[in-house]
Amino acid sequence: MNTVKNIIFDLGGVIMNLDVPKTILEFENIGITNIVNNTGHHYTDSIFYDLETGKVSAIDFIEKLKSLSNENPSNTEIINAWNAMILDMPKDRINSLSNLRDKYNIYLLSNTNSIHQKKFLDEVNEAHNFSFNNLFKKAYYSFEIGIRKPDKEVFDYALTDSNLNPEETLFVDDSLENLKAAQSMGIKTYHIADSNSIHDLLEKDM
């Protein structure tokens, strides 16, 4: 018996391609160094997470990044460097989401910020001639709701806000840390890695 009625998707690395090292390199080119720790997975300054949870504005973020630079970058240079990691959103993934929407209630749950959101929404909406957010019954962005993955509160928020049963809900992400947090809430999970994709969900009996 199929038990999944709802699918919650992560954005970066699942629907949208990202290249975080590209942003790190662009920041280095304008005098901002050591923004990630030695694992390359966490930022060294809380300003990045504060932006992602809406605790600081885009202007505050830009000014802080300027203060971290040993040069004198412009606002535009800061924004361009920060946005460098945002790549494309392949059409086949958009098509897969559209097909899944015929069978499931689909949602978005993304750790992102206002600067990145503006870039990818503008570009995707123009490239595909539709509103990206309309693919989902609801899109949850961390900077808008004030909490981020892997905090359990963010999953509880989405489940409660959309009245979802965790046992009937599948969470799709490329981060094992985020998936473990979802599992602890009783949510089913699906790991996106190099060997699979959103399209594979169309073939699964869930």
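## Strands side by side

Two strands count as a pair if DSSP finds at least two bridges between them. Keep that in mind as you look at this predicted model, starting with strand β4 (residues 169-173) and strand β5 (residues 188-191). These two run parallel, and four bridges join them. One of the partnerships is easy to pick out: F171 has T189 as its bridge partner in β5. To get from β4 to β5, the chain passes through helix α9 (residues 176-184), making a β-α-β crossover that is right-handed.

## Two helices with a buried side

Now slide back to helix α1, which covers residues 20-29. Which residues of α1 are buried? They are T23, I24 and F27. Their directions take up an arc of only 100 degrees around the axis, so they sit on the same side of α1. What do the buried residues of α1 pack against? The answer is α2 (47-52), α3 (58-68) and α4 (75-83). Just after α1 ends, you'll meet G31, with a positive phi of about 85 degrees.

Helix α3 plays out in a similar style. Here F61, I62 and L65 are the buried ones. They span an arc of only 95 degrees around the axis, which places them on the same side of α3. Look at the other side of α3 and you find I59 and S67, both exposed. The cover over the buried residues of α3 includes α1, α2, α4 and α6 (114-128).

## A close look at Y140

Next stop: Y140, in strand β3 (residues 138-141). Is Y140 buried or exposed? Its relative accessibility is 3%, and the cut-off for buried is under 20%, so Y140 counts as buried.

Who are its contacts? If you skip the neighbours within four places in sequence, Y140 touches Y107, L108, L109, S110, I145, Y157, A158, D161 and S162. With S162 there is also a polar contact of 2.5 Å between the two side chains. T112 is another residue to compare with Y140: 28 residues separate them in sequence, and their C-alpha atoms are 9.6 Å apart in space.

## Charged pairs

Time for some opposites. Side chains of opposite charge can pair when their charged atoms come close. How many salt bridges does the count come to? Nine.

Take K5 and E168: their closest N and O atoms are 3.5 Å apart, and they form a salt bridge. This pair links distant parts of the chain, 163 residues apart, with K5 in the segment before β1 (6-9) and E168 in the loop between α8 (152-161) and β4. K5 has a relative accessible area of 48%, so it is partly exposed. E168 is partly exposed too, at 24%.

K64 and D45 make another salt bridge, where the closest N and O atoms are 3.1 Å apart. Again, distant parts of the chain are linked: K64 belongs to helix α3, D45 to the loop between α1 and α2, and their positions lie 19 residues apart in the numbering. K64 is partly exposed, with a relative accessible area of 28%, whereas D45 counts as buried at 16% relative accessibility.

Then there are D161 and K138, whose side chains meet in a salt bridge at 2.8 Å, N to O. Because D161 lies in helix α8 and K138 in strand β3, the pair ties together parts 23 residues apart in sequence. D161 has a relative accessible area of 37%, which makes it partly exposed, and K138 is partly exposed at 35%. Salt bridges with shared partners also connect D10, K149 and D173 into one network.

## Some backbone oddities

A bit of background helps here. Most residues other than glycine have a negative phi, and most peptide bonds are trans. Where is there a cis peptide bond? It joins K149 and P150, with omega at about 10 degrees. P150 sits in the loop between α7 (142-145) and α8.

Two asparagines are worth a look as well. N129 isn't a glycine, yet its phi is positive, about 60 degrees. You'll find N129 in the loop between α6 and β3, and at 71% relative accessibility N129 counts as exposed. N163 also isn't a glycine, and its phi is positive, near 55 degrees. N163 belongs to the loop between α8 and β4, and its relative accessible area of 71% makes it exposed.

Methods:
Residues are numbered from 1 along each chain as its sequence is written. This is a predicted model: local features need pLDDT of at least 70, side-chain atom pairs count only at pLDDT 80 or more; totals for chains, interfaces and linings use all residues. Side-chain values use heavy atoms; hydrogens and water are left out. Buried means under 20% relative accessible area, exposed over 50%, partly exposed in between (1.4 Å probe, protein chains only). The arc is that of the directions from the helix axis to the C-beta atoms. Contact means heavy atoms within 4.5 Å. A polar contact is a pair of N or O atoms within 3.5 Å; within protein, one must be able to donate a hydrogen and the other to accept it, and residues adjacent in sequence count only if both atoms are side-chain atoms. A crossover is right-handed if, with the strands pointing away from the viewer, the path from the first strand over the helix to the second runs clockwise. A salt bridge is a side-chain nitrogen of Lys or Arg within 4 Å of a carboxyl oxygen of Asp or Glu.
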